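Hi,

Here is the structure I said I'd pass along. Have a look at it first, and then read my notes underneath.

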Amino acid sequence: MRDRLRNQSLHVEWRHPIPVIDEDRTPLGDFAADLYVEGRQIVERKACRALDDGSVAQLPGSLRGGRVEHGLPINFGVPTLQIRKYILWTQCEIIPRAAAG
């Protein structure tokens, strides 16, 4: 996946450490994103029975804490690829959206 994105001329980093900070700007450590695309999107690769709230529970917190705009969990563990899109709005509200795929 990383190579395919790079072949599309996208800047992709694997296991990129993203600094996580609390609401009061206290550093909490780093989150290692599976793929960090164009410096603004986390792509989390999954292999599970379904892409449900439990399998993506960490992603909204990672978006908030890392101040990253977009998150894309992709499930390769089922016959039909499952993708969701998460968007971080200005006031740190997470909006899950079903992605076409």
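Below is what I found, going from the strands to the cores and then to one lysine.

First, a caveat: this is a predicted model.

Strand pairing. Strand S2 covers residues 27-37 and strand S3 covers residues 41-46, and the two run antiparallel, paired over three bridges. Where they meet, Val37 sits opposite Gln41 of S3. The S2-S3 hairpin has three residues between its strands, and one to look at is Glu38, with a positive phi near 55 degrees.

On to strand S4, residues 70-75: S3 pairs with S4 as well, this time in the parallel sense, over six bridges. Gln41 turns up again here, with His70 as its bridge partner in S4. So that you can find it on screen, the residue to click on is Gln41, which faces Val37 and is bridged to His70.

The crossover. How do you get from S3 to S4? Helix H2 (residues 58-66) joins them in a β-α-β unit, and the unit is right-handed. On H2, the buried residues are Leu59, Pro60, Ser62, Leu63, Gly65 and Gly66. Just past the end of H2 there is another positive phi, about 55 degrees, at Arg67.

The cores. In soluble globular proteins, nonpolar side chains tend to end up buried together. In this model the largest nonpolar core has twelve residues: Ile18, Val20, Phe31, Ala33, Tyr36, Ile42, Leu51, Val56, Leu59, Leu63, Val68 and Tyr86. Strand S1 (12-21), S2 and H2 are the elements that supply two or more residues each. The top contributor is S2, with three. A separate core of six residues lies apart from that one, and its members include Val12, Val43, Leu72 and Ile74.

Lys46. This one is in S3. Is Lys46 buried, exposed or partly exposed? Its relative accessibility is 23%, and because buried means under 20% and exposed means over 50%, Lys46 counts as partly exposed. Beyond its neighbours within four places in sequence, Lys46 contacts Leu51, Ser55, Ile74, Asn75, Phe76 and Gly77. Two of those names have come up already: Leu51 belongs to the largest core, and Ile74 is in the six-residue one. Val78 is 32 residues away from Lys46 along the chain, with 9.9 Å between their C-alpha atoms.

That's it from me. Shout if you'd like to go through any of it together.

Cheers

Methods
Residues are numbered from 1 along each chain as its sequence is written. This is a predicted model: local features need pLDDT of at least 70, side-chain atom pairs count only at pLDDT 80 or more; totals for chains, interfaces and linings use all residues. Side-chain values use heavy atoms; hydrogens and water are left out. Two strands pair if DSSP finds at least two bridges between them. Helices (H or I, at least four residues) and strands (E, at least two) are DSSP runs, numbered from the N terminus. A crossover is right-handed if, with the strands pointing away from the viewer, the path from the first strand over the helix to the second runs clockwise. Buried means under 20% relative accessible area, exposed over 50%, partly exposed in between (1.4 Å probe, protein chains only). A nonpolar core is a set of buried Ala, Val, Leu, Ile, Met, Phe, Trp, Tyr and Cys residues joined through side-chain atoms within 4.5 Å. Contact means heavy atoms within 4.5 Å.
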